[in-house]
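Subject: Structure handover

Hello,

I am passing this structure on to you. Please open it first, then read the notes below alongside it.

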Amino acid sequence: MKVLVTLCFVVPLLVLATAEDGPESSSSTAASAPVAKIEVVDSSVSESEQEPSEEEAVLESILRDRSHIEETLRLAADEKAGDYAAALQRLRKIYHSSIRPMEQAYKYNELRQHEISDGEITSKPMVLFLGPWSVGKSSMINYLLGLQDTPYQLYTGAEPTTSEFTVIMHGEKIRTVEGIVMAADSSRSFSPLEKFGQNFLEKLIGIEMPHKLLERVTFVDTPGIIENRKQQERGYPFNDVCQWFIDRADLIFVVFDPTKLDVGLELEMLFRQLKGRESQIRIILNKADNLATQDLMRVYGALFWSLAPLINVTEPPRVYVSSFWSYDYAPDTSRELFKREEISLLEDLNQVIENRLENKIAFIRQHGIRVRIHALLVDRYVQTFKEKMSFFSDPELVFKEIVDDPDKFYIFKSILAKTNVSKFDLPNRDAYRDFFGINPINSFKQLSAQCSYIGGCLLEKIEKAITNELPSLLGSINSGKNPTLSSCEATGCGEKPKNRYRRN
C-alpha cells in the first residue's frame, strides 16, 4: 500500500479532517491553509481500474444531468430508414418531373433566387441559432450534444467568440470541413452559398461528428450581432447570408440574455427578415439563473417591450426562460421551472424531427404553387403583349406600358380567376419590372405551347403534382403505407398527353 497526497483547492468542497485531529485542530487548519486530503490507493490496481480523480469527480458533480434530453428527443428509438428513403425518392421524382421543368422554362429562380437542389430535398431539418454576441448560442449547442469539456466543444467565452457560420452535422468520424469544400459538394445543400463570394466561404465551416441527434437534425451557429459594427466590416453580405439560412431553417432559436435586451439596427433588420416565419421562431431568455425571481420578472417584461415593435403577429411569441448550458443551475433559483421550460423547448425540437418528412413535402408543394403562379403571370404578360402588338407598334414601348401598369391590362386580376390561386400568394408587381428587364418577353412561350407528345403539358403536370401527387404522398406517410412508386408513375400507363389549350 502507498499513500497519495493531493491538495484540494476547489472552493465549494467541504473541508475534510483526519480522524486523528481534534475539532479545534481541524477548524484552525481549515481557516489557515488548504487541507490535504489523504487517499489510500492499492498499488496493485492498474490506473485504468482506479476510481476517477477528485477533479473529475468535482466536474461530474457540477455538470447537469442530460438524461432528459435523450428521453424527450427519443434518441434511443429506431427509425424506419427504408420508408423514409423511399418517400424522399418519390418526392425527388415528383419535383424533377413535374415542378422543375416549369421552373426552368419560366426562369423562376431569377425571380425568387431560391434554387432547390437534391441536397436540399434530402437534407435533415436545420435548426438555426441567432442573437446578439455572447448570449449562449454555442454553449447551448454544446449542452444539447454533450460536448462540454471535450476536445470537440465549440469555443465559448464572455467576449464575441463566434466569427464564422458553423454547421454541425452528422459524419462517420469527427472532422472539420472547410466552407469552400462544402459549397463544392453537390451532395450537400450548401452549394448555393457560393454566390456570396469567397470572403464568406472563408467564414463558413462545417463540423462532422457521429452523434445520434445529428443523424436527425443539423445545427447552424451564427456570428453574434454586434450593433456597433458596420456590415461592410464583415467582408460579406451578412444579412443576405442570414436570409439564406432563415429561408431553409425548420426551427429558429433567437437567443437573448438578461444583459443584452437592447434592439439596434442590425437586430431590427434581422427581425424584418424573420417576418413570415413566425411559426418557426422560438425566443429564448438564456442565463436566467443569474437573476433573482423578482429581477427575472422585470427582465421578462423588458424583453417583450423591446421585441413588441419587431414582431407583427396577433399572438405573442413563446419565450422560453432557462439556462441552457452544461453546468448546474445556480443555487436558490427556480430549478423546477427552468427544467420544465427546457423540456418544453426540447419537445418543440422533437416535433420538428418527427415531422421532418411532412414539412419537406409541404415545402415542395408551396414551392410548386409559387412556380405555377409565376408561370401563369408570365403567360398572361406574353399573351397581353402579343394582343397589343401591331405591325407599326414599337415593341419596347408597348411592353413598357404593360409592365409599368399591369392593372390597366388586368394582368393580376385575371390570374385570380384561376382555381387554387390566392391573392395573398401573388408576388410583388415591381419584381416583374426587374425580371423582364433581364429576361426579354420574346424569350418566353405561352403555356399553350409548352406541351409535347412525350412529356405532356407543363401546366397539367405541375397542377397534378400540387393537387394530387404531393397530397397523396403525404397521406401515405400519415397512414403508414409504404410510399413506393406506382406502376403508372413509372411507365405512364400509355396515356396520351392532352393539350387543353388547343382549339378544337
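The largest cavity holds about 50 Å³ of space. Keep in mind that this is a predicted model. In total, the structure has three cavities of 30 Å³ or more.

What lines the largest cavity? The lining is made of M140, Y143, L144, F253, F324, E342, L345, L346 and L349. Two elements give two or more residues to this lining: α7 (137-145) and α13 (335-354). α13 gives the most, with four residues. By class, eight lining residues are nonpolar, none is polar and one is charged. E342 is the charged one, because Glu counts as charged.

Next, look at α7. This helix is mostly covered, with nine of its nine residues buried. Among them are K137, S138 and N142, alongside M140, Y143 and L144. After α7 comes G146, whose phi is positive, near 70°.

Now the cores. In soluble globular proteins, nonpolar side chains tend to be buried together. Here the largest nonpolar core has 49 residues. M102, I364, V378, Y381, Y432 and F436 touch the most other members. Six helices each supply at least two residues of this core: α4 (81-105), α14 (356-388), α15 (395-404), α16 (411-416), α17 (429-438) and α18 (458-478). α14 gives the most, with 13 residues. Another core, of 47 residues, lies apart from this one. Its members include L130, L193, L201 and V319.

Y432 is a good place to zoom in. Which residues is Y432 in contact with, leaving aside its neighbours within four places in sequence? They are L111, H374, L377, V378, Y381, V403, F412 and P427. Two of these, V378 and Y381, are also among the core members that touch the most others.

Aromatic rings come last. The count comes to 26 aromatic pairs. In one of them, F196 and F200 meet edge-to-face. Their rings are 6.0 Å apart, centre to centre, with 80° between the planes. Are F196 and F200 buried or exposed? Both are buried.

There is also an aromatic cluster. Its members are Y106, Y381, F385, F399, F412, Y432, F435, F436 and F444. Y432 therefore turns up again here, together with Y381 and F412, whose rings belong to the types that can pair. Y381 and F412 are also on the contact list of Y432.

Best wishes

Conventions
Residues numbered from 1 in each chain as written. Heavy atoms only, no water. Core = buried A, V, L, I, M, F, W, Y, C linked by side-chain atoms within 4.5 Å. Buried < 20%, exposed > 50% of the residue type's maximum accessible area, 1.4 Å probe, protein only. Contact = heavy atoms within 4.5 Å. 1 Å grid on protein atoms, 1.4 Å probe; cavity = no way out; pocket = protein on both sides within 12 Å on 5 of 7 lines; lining within 4 Å. Points joined across faces, edges and corners; volume = space filled by probe spheres on them. Phe/Tyr/Trp six-rings, centres within 6.5 Å; stacked < 30°, edge-to-face > 60°.
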